[in-house]
Amino acid sequence: MSFASIKEYISAVKQGLSLQDAVWQFLDRAQKDECNAWIEIDPVLVEREIERVQKNVDLPLYGVPLGVKDNINVKGWHTTCASRLLQGFKPPFTATAVERLRKAGCVVLGKTNLDEFAMGSSTESSTFGPVLNPYDPERVAGGSSGGSACAVSCGEVLVALGSDTGGSVRQPASFCGVVGLRPTYGRVSRFGLVAFASSLDQIGPITLNVEDAKLLFDWMAGVDDRDPTTSGGNDIGLPSGKWRIGVPREYFPDGMDGRIRECVLDIAERIAKELGGNVVSVSLPLTSYGVSVYQVIGMAEASSNLARYDGVRYGWVGEEGGDFHNRIRALRTQGFGGEVRRRIVVGTYVLSAGYYDEYFIRAQKVRRLLRDEFISVFNSVDVLITPTAPTLPFKLGEKVKDPVAMHLSDVFTAPSALAGLPAMSVPGGFLDGLPFGVQIIAPPFGEERLFFVGQRIEEVRHD
Amino acid sequence: MDVEKVLKLAGLDIEGEEFLEEIKQILNHIELLKEVDVSGVDPLVCPISHSIRLREDACTSSLTVEEIASTSPQFDGRFFPAGKVMEGEL
């Protein structure tokens, strides 16, 4: 038995299917997973979760099985960040986003695979090996939340959480044919999410449809005293007049897969028609600098955040004894994988004396220009429609040796992350049997627009 | 780039040629930012339009020492053993 939505699942559970049986159907499938989507599945902990919610049938998300990306803390479970360096680490607290979903009735089913410390676009940098694409095992599932997107796509869990720093929820959602939401920066608490780049990180839901993403978001969002950047501000709501659907030229370049370009443009036209609005061609000239800004800021913040991994207080401790500095250097060199070490080195360099203004401050200035450019375009359009990624899921190993090519997978997702905007990837259909996503970008606090337009995409897409 | 100095700051050991070549590719890519005119622009540190909210300055409960210590395989009941920090002979 499979379920197409949270609503369908809850209705089945309320009409006679026992919660135990319902959750175990997912657990069975997760335990037989062939895509390497999971890092930890513990039936004993799942049983405890079932017991916790069992008596509260009226909970809004009663017994909904939830996969949690393994850089988000859940007390009692390990958090590895898919890194050797966090081997054995069990956090003593639970992330606010998870806590809120549990209160609403969700049952944590397990922890999903990711790129090491969420750094990557293919889940190939995981110390536990890559996640395979559910539609073609020779291709990647995307990343860094590849495990969460894959597990939802395969029906191994009903919903999952990912984290999006430069596209890590949206791009794997696109590659696995599911919905992935990156909320406005500050709408969902980052407390309990292992920090990678603090001015960019956001937790977001990965689901089978837009309605489920909205349900999870509504329960997760809001002020949290433990994350001072959170806001309880109101959504800006839907536009009052005719819908103006913006199509930014720079997101449909000659170099991308032409079939994705044509399909996404067609979908934009069809939803504009459906909504009785217009497609408006707009320009965001700084788009091509987005990945470079993201590299500088993301790597600088990562080098600072990852300085805490010293093998003293938690995780893998390496060999004991010897000089402190030598031991830490050896431990970090062996404990971090290549992609993480590369980012730490570049991040350290751009923050070092003599280069700080030249690279880091300059990148922050271009970041402001990028944000201003978006805000200005939103004076003439209500949402933007773009492809989520420039390609279909690529082959395993295809980009591993070329870090810049890998980073360019984020070309359409990094700019909105830098600007702190909400954005969502919704399945657009299939090409050559592989899924591609359509991205909707809205002004800050414009999640309602994403959900509304996303549901229209679900109606008009080519299945 | 003074590789040795940066690696020391980063708390990492010396790496091979291939690694350094990959670093060079990333550095070439970020050079693109020099094309953008940023004169008169203020840096954007955090992309929020709302103000940062500070909680009331009051005591709240926090994790216990036992809970925090439980994350370290080395904690000896009072300290985290860290190895010799001073350089040279004592």
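Modeller: Before we start, helices here are DSSP runs of H or I with at least four residues, numbered from the N terminus, and the model we are looking at is a predicted one.

Colleague: Fine, so where does A:Q295 sit?

Modeller: A:Q295 has its place in helix 9 of chain A, which is the helix that spans 290-305.

Colleague: Is A:Q295 buried or exposed?

Modeller: A:Q295 is buried, because its relative accessible area is 1% and the cut-off for that class is under 20%.

Colleague: And what does A:Q295 touch?

Modeller: Leaving aside residues up to four places away in sequence, A:Q295 touches A:A300 and A:H407 within chain A, together with B:I26, B:H29 and B:I30 from chain B.

Colleague: Let's go to the interface, then: how many residues of each chain are in contact?

Modeller: On the chain A side 74 residues are in contact with 54 residues of chain B, and the area buried between the two chains is about 5,700 Å², with carbon and sulfur atoms giving 64% of that area.

Colleague: How many salt bridges are there between chain A and chain B?

Modeller: The count is seven, and one of the salt bridges joins the side chains of A:E358 and B:K34, at 2.7 Å from N to O.

Colleague: Which helix of chain A gives the largest share of the side that touches chain B?

Modeller: That is helix 12 of chain A, which supplies 12 residues, while helices 9, 10, 11 and 13 are also among those that each supply at least two.

Colleague: What about the residue types there?

Modeller: The side of chain A that touches chain B divides into 35 nonpolar, 18 polar and 21 charged residues.

Technical notes
Residues numbered from 1 in each chain as written. Chains lettered and ligands numbered in written order. Predicted model: local features only at pLDDT ≥ 70, side-chain atom pairs only at ≥ 80, totals over all residues. Heavy atoms only, no water. Contact = heavy atoms within 4.5 Å. Buried area = accessible area lost by both parts, 1.4 Å probe. Salt bridge = Lys/Arg side-chain N within 4 Å of Asp/Glu carboxyl O. Nonpolar A, V, L, I, M, F, W, Y, C, P; charged D, E, K, R; others polar. Buried < 20%, exposed > 50% of the residue type's maximum accessible area, 1.4 Å probe, protein only.
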